[in-house]
Amino acid sequence: MRGKKGVDPYICRKYPYSSPHFGGIMANKYFGTDGFRGEAGVTVTAGHAYKVGRILGWYFRTKSGGKPRAVIGKDTRLSSYMLEYSLACGLTSSGCDAYILHVTTTPSVSYVTRCDGFDCGIMVSASHNPYFDNGIKLLNDRGEKMDDEVISLVESYLDGDFSAFGGEDIPFARGRDIGRTVDYISGRNRYIGHLISLSTCSYKGLRIGLDGANGSAFSIARSVFDALGAKTYVIGDKPDGTNVNDGCGSTHMRALCNLVKENSLDAGFAFDGDADRCIAVDENGEVVTGDEEMFIAANYLKSRGELTGDKLVCTTMSNGGLIKSLALRGISAEICGVGDKIVCETMAKTGAALGGERSGHVVFSKYETTGDGLVTAIMIMEELVEKKCRMSELLKGYRALPQISLSVPVTDKSAAMAGVDALAKRLERELGLRIVVRPSGTENVIRVMAEGESEENCALACKILSSKISAD
């Protein structure tokens, strides 16, 4: 069973870590769980981007003792060009060379950063947010989310704190020390070649739907799947700067579901604005969530002897049915807080080869140091081809129980959380549920999730909690 028709297929179970506010949000002022994000020109401005470039250029120049190199990618938002050039200006004025990948995915920036020896990587994107938002994601030289101490230094500089520089602003580079910008589209092309090389199978004869979300993957996804022999049907591939994630992509699955059903396709894959997420669709047009993708991937890796310790990492928001279903296959789960950075850190600590989130952030440590929606799609396709079956058959043995999730818009996340934890704990006891309430790390919303054997109790708990949050 994959859950009741029409029910968000995430379920309930009482975990020892169950706590409404478990695994929430980084305490940084600007950088949340996935970068510095907000309305472009208001919360995230060209001035902010320039300062981020300035401080990163200074930091890595001081650290290296020579001229550092940073690589920059962006998604298709109208404001991405503004932020990209502002970052490049800040970097070069501090003596750092800026290599420009142009429109590309966040995972490609991670790949190029670690494989081509860059000091850091920067991605301009607000991921799954609407076009008027944008953000800045920072990656270290290993292609991982930037170290917290560097983030703290960046935030201090954004606030005008020059204490780390003797009380004065950092100096501008002069003469030969001034940085330059370099067109680096070749790096993106190598990343595409890397993706193609991951497949050991031909997809010839398979009909695959792709939804690029009018974002970073709009052309890359087609290039990869065409090269692997699939007959591709592509939507969300006409970005105009204002239509990223607009009724398409991994947060709006109806369009891809319809595409798969209307054209009798074998499978479909939807990506978000920067393509670090992937949500799949089976041959029946049914959504295959990130939890279900991890179930498929865990079984695939175990069958190949590549699932280290027969375990994976997932978050508090994952379907309890995922843990129970995997346990029946001899696979255990390490539970961590929300955010792909936390997932990756937990994977590194535990030695897990696989980890992810129900949102479609899935990490294969053999191939990457961050979530990559295209790698996820390829890994699912590998098992589909090797087993010569339908995608729905890959979920045999997976059972999901009801889970209801809501996002409640708020103005002040801290104020909105007042008294909510106590209410959530009471509802857990009275209704026999597992409840998670947490501030989003990327948007001005409070996430509410309730799991239980009773769908009605889940709905009731979410209604009570959202009313409490909205009232505050």
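**Helix H2 and two positive phi angles**

Student: What comes right after H2?

Tutor: Gly95 follows H2, and its phi is positive, near 90°. Keep in mind that this is a predicted model: local features need pLDDT of at least 70, side-chain atom pairs count only at pLDDT 80 or more, and totals for chains, interfaces and linings use all residues. Residues are numbered from 1 along each chain as its sequence is written, and side-chain values use heavy atoms, with hydrogens and water left out.

Student: How many residues does H2 have, and what does it span?

Tutor: Helices here are DSSP runs of H or I with at least four residues, strands are E runs of at least two, and both are numbered from the N terminus. The expected span of a helix is 1.5 Å times one less than its number of residues. H2 covers residues 80–93, so 14 residues, and reaches 20 Å from first C-alpha to last, close to the 20 Å expected.

Student: Is H2 mostly covered or mostly bare?

Tutor: Buried means under 20% relative accessible area, exposed over 50%, and partly exposed in between (1.4 Å probe, protein chains only). H2 is mostly covered, with 10 of its 14 residues buried, among them Leu83, Glu84 and Leu87. What covers those buried residues includes helix H1 (46–64) and strand E3 (69–74).

Student: Which residue between E9 and H7 has a positive phi?

Tutor: Asn245, with phi near 65° although Asn245 isn't glycine. Asn245 lies in the loop between strand E9 (231–235) and helix H7 (254–262), and counts as buried at 5% relative accessibility.

Student: And where is Asp310?

Tutor: In the loop between helix H8 (290–303) and strand E13 (311–315). Phi of Asp310 is positive too, near 50°, but Asp310 is partly exposed at 29%.

Methods:
Contact means heavy atoms within 4.5 Å.
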